Amino acid sequence: MQEDQKLRSNERVAEIGPADDASLRFIGTIRTPWSDRKDCPRQARDDGPECQLIVDPAWKDALDGLEDYDRIEVLYWLDRSRRDLITQSPRNDGRTVGTFALRSPVRPNPIGTSNVRLVGIEGSVITVRSLDCLDGTPLLDIKPDRCAYSPKALPKTGTLDQPL
Ligand code: SAM
């Protein structure tokens, strides 16, 4: 068993069968500087290195308008996580909390989310600063930052009061 698959004290595993995944569709791949978890930040930081979202060219036109936003939400599939822990001991000190009280990558459906700064878009490649996932992590979705409905420019058609 790999080191990061071993249980820590007080950690418990759910008695569940193999995952019956919903039919998610990966829309691309994330390129980051990190291939090892020990080097990977625990959360995205605005002062981290630039990372690239390599969107499948089939979705290029789906990016139209995204350049108007300063910040975007990125959703990704933390594909190298185990998925069966009910409780976890993040600091490996015997203290445990429930999986759903953590932002740990270890969860039944290992979806990661980050609100990141949009640096630029060239074709179907989006540069952001920064992310917290391993190089090659599958990309699930991209959304404009919903909380601050503040595109840098007015939408190409419609107005801020009456968006399309
Ligand atoms: N920002 C996301 C969130 O809050 O939903 C993810 C936070 S999670 C704590 C980030 C950690 O997940 C990284 O530090 C790394 O240890 C781990 N990780 C990153 N990419 C991963 C991948 N592809 N598979 C499994 N674990 C990954």
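In the predicted model, an N or O atom in the side chain of D132 lies 2.5 Å from a nitrogen atom of the ligand. The protein covers 93% of the 600 Å² of accessible area that the ligand has on its own. Two further contacts involve oxygen atoms of the ligand. At R103, a polar side-chain atom is found 2.6 Å from a ligand oxygen atom. At C40, the contact is made by a polar backbone atom, at 3.5 Å from an oxygen atom of the ligand.

The shell around the ligand consists of 19 residues, of which P41, Q43, D79, R103 and D132 come nearest. Among the elements that supply this shell, strand β6, spanning residues 111–122, gives the most, with 3 residues. The site occupied by the ligand is the largest pocket.

Strand β6 also belongs to a barrel, which is closed by 6 strands in the order β1-β2-β7-β6-β3-β8 with antiparallel pairing. On average, and with direction ignored, neighbouring strands of this sheet are turned by 45 degrees against each other. Within the barrel order, β2 is followed by β7. These two strands, comprising residues 50–55 and residues 125–129 respectively, run antiparallel and are joined by 5 bridges. In this pairing, E50 of β2 stands opposite R129 in β7.

Terms used. Residues numbered from 1 in each chain as written. Predicted model: local features only at pLDDT ≥ 70, side-chain atom pairs only at ≥ 80, totals over all residues. Heavy atoms only, no water. Pairing = 2+ DSSP bridges. Helix = DSSP H or I, 4+ residues; strand = E, 2+ residues; numbered from the N terminus. Axes fitted to C-alpha atoms, helices over the stretch in contact; angles between N-to-C directions. Near = heavy atom within 4 Å. Polar contact = N/O pair within 3.5 Å; in protein donor to acceptor, adjacent residues only side chain to side chain. Areas by Shrake-Rupley, 256 points an atom, 1.4 Å probe, with all protein chains shown as cover. 1 Å grid on protein atoms, 1.4 Å probe; cavity = no way out; pocket = protein on both sides within 12 Å on 5 of 7 lines; lining within 4 Å. Sits in = over half its atoms within 2 Å of the grid points.
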